[in-house]
Amino acid sequence: MSELPKKILIVGLGLMGGSYAMALSKKGYDVYAISKDEEDIVLAKKQGMIVDGTTCVEKGFVSSFSLIIFALYPNVLVSWLEENSSMIKDGTLLTDVTGVKCSIISGVKKTLKGKDVDFVFAHPMAGREKRGIKYADDGVFKKANFIVVPTEGNKEENIKKIELLGQELGCAKIARLSPDEHDEMIAYLSQLTHVIAVALMDAKDNTHLADYTGDSFRDLTRIAQINEEMWTSLFIENKKKLIDQMDLFLDEMKLLKEAIENEDTALLKEKMKESTRRRSMFALEEEKRK
């Protein structure tokens with residue numbers, strides 16, 4: 001069976017990088033980190049998430065690792081590699097946590113061309129509305145899906161190592177998708193839902209909504225408390241697929257709007273029955289994992 005190196009480097013100590021560090025440290029790995037903020041290093045060490053870390057990218061440090069996890073925004077990941085890939089030693093296994101793949105893969109491949117390293121892309125379907133390492137929580141991986149996104153040239157043994165990484169984090173379901181499949185699925189399941197939450201929250205002045213709201217509004221807008229830097233980047237990086245999914249949603253909204261305008265009770269009931277059926281199927285699949 002494939003095994004992960006005992007010593008692991010995480011580049012980026014935000015919410016996700018910190019959650020990775022917390023989970024892997026609890027599993028007995030020696031986790032180190034690179035972060036732009038010294039305060040993040042201090043906090044991570046104090047809470048036992050990492051053995052040590054640095055704000056300086058130095059070859060002697062980076063080259064001492066054979067597994068590096070990048071917990072960076074998509075555009076920052078490519079820039080980091082452009083500036084520092086020469087410090088990564090031959091034979092190193094690289095992976096990421098980014099929520100889009102197609103737009104960054106070419107840049108990553110181009111930057112690493114000619115180097116004896118293997119970058120196996122991955123995406124844990126986990127997170128929180130908050131940002132920053134102070135909100136890191138390895139509990140986000142419990143029952144979560146972990147998507148591995150192999151690309152041409154990846155070694156099967158390394159793909160399996162990244163699948164093992166998902167298991168070590170505590171994820172319940174490990175799946176493989178192509179980059180295109182991943183980005184289309186994420187556009188629908190994650191990005192569209194965030195777009196809807198933002199639109200719903202911004203559609204009406206919410207100054208006094210808390211005085212009247214019920215669970216439905218509260219549940220639907222939970223993810224509207226959003227990291228604008230990260231999600232703006234994710235939306236733009238995956239804009240073609242996201243717009244396609246938004247069009248699908250708008251078509252459904254138009255259909256429902258017309259049914260209400262025309263008092264087409266038969267169509268409304270049909271749509272509601274179908275949504276109930278699909279939600280029940282979804283819930284059944286979720287229940288099987290418990």
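Helices here are DSSP runs of H or I with at least four residues, numbered from the N terminus. Just after one such helix, α1, G28 takes a positive phi of about 100°. The model is a predicted one.

**Helix α1**

Helix α1 covers residues 15-26. Its 12 residues should span 16 Å at 1.5 Å a residue, and the end C-alpha atoms are 17 Å apart, which agrees. Is this helix enclosed or open? Because 11 of its 12 residues are buried, α1 is largely enclosed by the rest of the structure. The buried set includes L15, M16, G17 and G18. Y20 and S25 are also among them.

**Helix α10**

Helix α10 runs over residues 239-261. At 1.5 Å a residue, its 23 residues should span 33 Å; the end C-alpha atoms are 32 Å apart, which agrees. In α10, the buried residues are K241, L242, Q245 and A259. They pack against three helices: α7 (179-202), α9 (228-237) and α11 (265-288). An α-helix has 3.6 residues a turn, so residues three or four places apart point the same way. After α10 comes E263, with a positive phi near 50°.

**Two loop residues with positive phi**

Most residues other than glycine have a negative phi. K143 has a positive phi although it is not a glycine. E263 also has a positive phi without being a glycine. The table sets out their values.

| Residue | Loop | Phi | Relative accessibility |
|---|---|---|---|
| K143 | between β7 (121-125) and β8 (145-149) | about 65° | 48%, partly exposed |
| E263 | between α10 and α11 | about 50° | 66%, exposed |

The cut-off for exposed is over 50%. E263 counts as exposed because its relative accessibility is 66%. K143, at 48%, counts as partly exposed.

**I133, a buried loop residue**

I133 lies in the loop between β7 and β8. Its relative accessible area is 4%, so I133 is buried. Which residues does I133 contact, leaving aside neighbours within four places in sequence? They are L13, G14, L15, G18, D40, L43, A44 and M49. L15 and G18 are among the buried residues of α1. I133 and K271 are 138 residues apart along the chain, and their C-alpha atoms are separated by 42 Å.

**D96 in strand β5**

D96 is found in strand β5, residues 93-96. Is D96 buried or exposed? D96 counts as buried because its relative accessibility is 1%. Its side chain makes a polar contact of 2.3 Å with the side chain of T98. A polar contact of 2.7 Å joins the side chains of D96 and K101. Beyond neighbours within four places in sequence, D96 is in contact with Y20, F70, L77, K101, I104, F119, V120, F121 and A122. Y20 is one of the buried residues of α1.

**The second largest pocket**

Rolling a probe the size of a water molecule over the atoms shows where empty space is left. The second largest pocket has a volume of about 320 Å³. It is lined by 19 residues, and K115, V117, D118, F119 and G153 are the closest to its centre. Which elements give two or more residues to this lining? They are α5 (102-112), β6 (118-119) and α6 (156-169). By class, the lining of this pocket divides into four nonpolar, six polar and nine charged residues. F119, listed among the residues closest to the pocket centre, is also in contact with D96.

Definitions and conventions. Residues are numbered from 1 along each chain as its sequence is written. This is a predicted model: local features need pLDDT of at least 70, side-chain atom pairs count only at pLDDT 80 or more; totals for chains, interfaces and linings use all residues. Side-chain values use heavy atoms; hydrogens and water are left out. The expected span of a helix is 1.5 Å times one less than its number of residues. Buried means under 20% relative accessible area, exposed over 50%, partly exposed in between (1.4 Å probe, protein chains only). Contact means heavy atoms within 4.5 Å. A polar contact is a pair of N or O atoms within 3.5 Å; within protein, one must be able to donate a hydrogen and the other to accept it, and residues adjacent in sequence count only if both atoms are side-chain atoms. On a 1 Å grid over the protein atoms alone, a cavity is a set of points where a 1.4 Å probe fits but cannot get out, and a pocket is an open set with protein on both sides within 12 Å along at least five of seven lines; lining residues have an atom within 4 Å of a point. Grid points are joined across faces, edges and corners, and a volume is the space filled by probe spheres set on the points. Ala, Val, Leu, Ile, Met, Phe, Trp, Tyr, Cys and Pro count as nonpolar, Asp, Glu, Lys and Arg as charged, and the others, Gly among them, as polar.
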